[in-house]
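Here are some notes for a colleague opening this structure for the first time. Please read them with the model on screen.

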Amino acid sequence: MPRKLGEKPPLKVYYDSTYVVKSTRETVTKSLLVAKLIEAGKAGKVVLEAPKPASRKELSVIHGKEYLKTVFEDKKGFLEVGPWSEPLLASILASTGGMRDAVAEALLTGRSGSLSSGLHHARKDSGQGFCTLNGLALAAQVALKKVKTVGILDLDAHFGGGTFDILQAHPRVRLADVSVDSYDAWELADPKRHLATLVTNPERYLEETDKALAFLEGIDFLIYNAGMDTYEKAGGLKGITRAIIKARESRVVAWAKARRIPMIFALAGGYKWGGLSLEQIAELHLETIKAVAQD
Ligand SMILES: [Zn+2]
């Protein structure tokens, strides 16, 4: 149906069935359920689009040659989410490519995202913590071809030590990382460009999120790692309620919108070990997509 004049185009979110493999890991399974909810109209006006998978060549901007050789050729080894297999590699390449394509879409329309997770612990020369390739770092490098400064806001429950490892020295990248768990914590290299905060009191969580946004003031493009594992029932910090998560998503989106900063999101963490079903985790991730779609 043709759009009415002045009507906003639907939010384009990158995903295809290649993202999903048979596994016990949420990282490569939950996107299917999120996609189903989107297709059922539960996230508002959103369309799903298949990304172009990431290529070995483009990944060489963020990962070392030897490590990429292992990822692409080591058929007997392990990728971070399971034993090496063609479908698992295809899944990781598709969901990493989704981040790159989301950048292009956001530069055109102001917003996009990808149903990707398993990104922020991946380092230049190794995978870590269920993350094989760092799609956040790739997205930043792609955006930097068109804009001056990129900010990465990482609100996953855990720190993004991999993103820091790859991008710490980049003068046009700012990292703001607010975590509730010290896993993969990193040391600030430049306090003007790097902010890392560990929140232990849930009542301070939104305030620290606001501080992270204030720290990113002046950026030209926002990459948001929207982990749901901060939520108390999804493996996060006791006291971080669904209402807090919802408020967090609105604040991030409102902040970018008020400044007309193009933004993209990734799903990031959200696990069953807190007692939720995979369906409930998928539904939780809709908070991010709804907030971005409504804007
Ligand atoms: Zn996490």
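**Notes on strands, helices and the zinc site**

1. Start with strand 7, residues 173-179. Of its 7 residues, 7 are buried, so the strand is largely enclosed by the rest of the structure. The model is a predicted one. Val 173, Leu 175, Asp 177 and Ser 179 point one way from strand 7. Arg 174, Ala 176 and Val 178 point the other way. Both sets are buried.

2. Which strands pair with strand 7? Strand 6, residues 150-154, is joined to strand 7 by 5 bridges, and the two run parallel. Asp 154 stands opposite Asp 177 of strand 7. Between these two strands the chain passes through helix 6, residues 161-167, in a right-handed β-α-β crossover. Strand 8, residues 194-198, is also joined to strand 7 by 5 bridges, again parallel. There, Ser 179 has Leu 198 of strand 8 as its bridge partner.

3. Now pick out Leu 153 in strand 6. Is this residue buried or exposed? Leu 153 has 0% relative accessibility, so it counts as buried; the cut-off is under 20%. Beyond its neighbours within four places in sequence, Leu 153 is in contact with Ala 176, Ala 212, Leu 213, Leu 216, Leu 222, Ile 223, Tyr 224, Asn 225 and Val 252. Val 13 is 140 residues apart from Leu 153 along the chain, and their C-alpha atoms are separated by 19 Å.

4. Helix 7, residues 205-215, comes next. Its buried residues include Tyr 205, Leu 206, Glu 208 and Thr 209. Ala 212, Leu 213 and Phe 215 are buried too. What do the buried residues of helix 7 pack against? They pack against strand 6, strand 7, strand 8 and helix 8, residues 242-258. Two of the buried residues in helix 7, Ala 212 and Leu 213, are among the contacts of Leu 153.

5. Check the zinc ion. Which protein residues are its donors? They are Asp 156 through OD, His 158 through ND1 and Asp 229 through OD. These donors lie 1.9 to 2.1 Å from the zinc ion. Along the chain their spacing is D-x1-H-x70-D. Asp 156 and His 158 are both buried.

6. Move to strand 1, residues 11-14. Strand 1 runs parallel to strand 2, with 4 bridges joining them. Tyr 14 has Glu 49 as its bridge partner in strand 2. Helix 1 completes a right-handed β-α-β unit with strand 1 and strand 2. Strand 1 is also joined to strand 5, by 2 bridges, and these run parallel. In that pairing, Val 13 is partnered with Gly 113 of strand 5.

7. Look at the loop between helix 1 (30-39) and strand 2 (46-49), where Lys 42 lies. What does Lys 42 touch, leaving aside its neighbours within four places in sequence? Its contacts are Leu 37, Leu 286 and Lys 290. Lys 42 and Leu 79 are 37 residues apart in sequence, and 33 Å apart in space from C-alpha to C-alpha.

8. Helix 4 covers residues 86-109. It has 24 residues and reaches 34 Å from its first C-alpha to its last, close to the 34 Å expected at 1.5 Å a residue. Why is it called largely enclosed by the rest of the structure? Because 17 of its 24 residues are buried. At its start, a side-chain oxygen of Ser 85 comes within 3.1 Å of the backbone nitrogen of Leu 88. Just after the helix, Gly 110 takes a positive phi of about 100°.

9. Finish with Thr 132. It sits in the loop between strand 5 (111-114) and helix 5 (135-143). At 3% relative accessibility, Thr 132 counts as buried, because buried means under 20%. A polar atom of the Thr 132 side chain lies 3.3 Å from the backbone nitrogen of Glu 80. Not counting residues up to four places away in sequence, Thr 132 touches ten residues in the list His 63, Tyr 67, Val 71, Leu 79, Glu 80, Val 81, Ile 92, Gly 118, Ala 122 and Gly 127.

Technical notes
Residues numbered from 1 in each chain as written. Predicted model: local features only at pLDDT ≥ 70, side-chain atom pairs only at ≥ 80, totals over all residues. Heavy atoms only, no water. Buried < 20%, exposed > 50% of the residue type's maximum accessible area, 1.4 Å probe, protein only. Polar contact = N/O pair within 3.5 Å; in protein donor to acceptor, adjacent residues only side chain to side chain. Contact = heavy atoms within 4.5 Å. Expected span 1.5 Å × (residues − 1). Pairing = 2+ DSSP bridges. Right-handed = clockwise from strand over helix to strand, strands pointing away. Donors = N, O, S within 2.8 Å, 3.2 Å for Na, K, Ca; no water.
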